[in-house]
Amino acid sequence: MNDPKVGEILSRYGLDTAKSLGQNFLRDGEVLERIAAAACPAGRILEIGAGIGSLTGLLCQGAKQVTTVEIDEKLRPLLTEEVPHPNHRFIWEDILKFDFTAIEAPFTIVGNLPYYITTDILMLLFRQMGRWEKAVLMVQREVADRLLAGPGSKEYRAASVILQSFCRGETLFEVPPHCFYPPPHVHSAVMLLEPKKDRPDTEGYMKFVQACFAARRKMLAASPALLQLLHIDKNRMISTLSEAGLPQNSRAEAFTPEEFQRLYKLCTK
Ligand code: SAM
């Protein structure tokens, strides 16, 4: 694929990018192809955010059906003309309000995400575990590093544990700012997420992990948020930790995702 002339295409339609919507559009053909190759071949794809449709067009070539959710209706005239694929439809909506049952499961999720809502989108995707079979997502490089960090690292947090409990995740490649129009101030990374077969239940587990990290510096057994969530006292928490084979004076940041899951099972049985 040639590099799309983003500035030229936008000005043909009298448009400009909107910073408030995280509109940094890919202008590097090779990066676009690598993202599409990671996602395809696929059956159904849900794309988050169309931009000028450069990725959308490639996805339509490698998938049976592509649905793109895009919030910015100003792009409608451009996209209607630039993405005329019979196996594609647009849904003009905020992805955070999107009803995922509008797409028959299972599907693959692809998106060069709007960075201002990365965490919200990830949490939303975790709530839809079981419906999607793969996700190829571009995020800020630091976010990818944090999500894939392990215990003991200062990058390790609730989102890392949640992601690694639900999915196998890896960074496929990094993308420097000059590959976008306009270039963002940060470096980016494309991540591949594949749901694990044996996963904890979604909502309860997410709340549990978030409560464990609410007081990062405190011992788990003395974390008010956690004790309150589980409706148990400190002594019961200490005995549950020892039943799980975990030291009673540990902090959340010391546990692996597998240890969190073991503890969660015992705390909620
Ligand atoms: N996929 C295109 C590309 O790679 O060039 C565009 C990526 S751009 C980083 C993010 C896209 O998400 C923009 O088109 C933006 O309008 C759209 N977007 C921003 N917030 C959104 C939201 N809440 N729901 C759906 N789309 C959104």
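Reader: Which ring does the charged end of Arg34 sit over, and how far is it from the ring's centre?
Author: This is a predicted model. A charge sits over a ring if CZ of Arg is within 6 Å of the ring centre and within 35 degrees of the ring normal. The charged end of Arg34 qualifies, and the ring belongs to Phe173, with its centre at 3.9 Å.

Reader: Which residues form one aromatic cluster?
Author: Searching the whole structure turns up 11 aromatic pairs. Rings pair if their centres lie within 6.5 Å. One cluster is formed by Phe126, Phe166, Tyr205, Phe208 and Tyr264.

Reader: Why is strand S6 largely enclosed by the rest of the structure?
Author: S6 spans residues 132–140. Buried means under 20% relative accessible area. S6 is largely enclosed because the buried residues number seven of the nine.

Reader: Which strand runs antiparallel to S6?
Author: S5 (residues 107–112) pairs with S6 over six bridges, but in the parallel sense. There, Thr108 stands opposite Lys134. S5, helix H5 and S6 also make a right-handed β-α-β unit. On the antiparallel side, Ala135 faces Leu193, and six bridges join S6 to S9.

Reader: Which residue has a side-chain N or O atom 2.6 Å from an oxygen atom of the ligand?
Author: Around the ligand are 22 residues; Gln23, Leu26, Glu70, Asn112 and Tyr116 come nearest. Asn112 places a polar side-chain atom 2.8 Å from a ligand oxygen. Ile95 uses a backbone N or O atom, 2.9 Å from a ligand nitrogen. The side chain with the 2.6 Å contact is that of Glu70.

Terms used: Residues numbered from 1 in each chain as written. Predicted model: local features only at pLDDT ≥ 70, side-chain atom pairs only at ≥ 80, totals over all residues. Heavy atoms only, no water. Phe/Tyr/Trp six-rings, centres within 6.5 Å; stacked < 30°, edge-to-face > 60°. Buried < 20%, exposed > 50% of the residue type's maximum accessible area, 1.4 Å probe, protein only. Helix = DSSP H or I, 4+ residues; strand = E, 2+ residues; numbered from the N terminus. Pairing = 2+ DSSP bridges. Right-handed = clockwise from strand over helix to strand, strands pointing away. Near = heavy atom within 4 Å. Polar contact = N/O pair within 3.5 Å; in protein donor to acceptor, adjacent residues only side chain to side chain.
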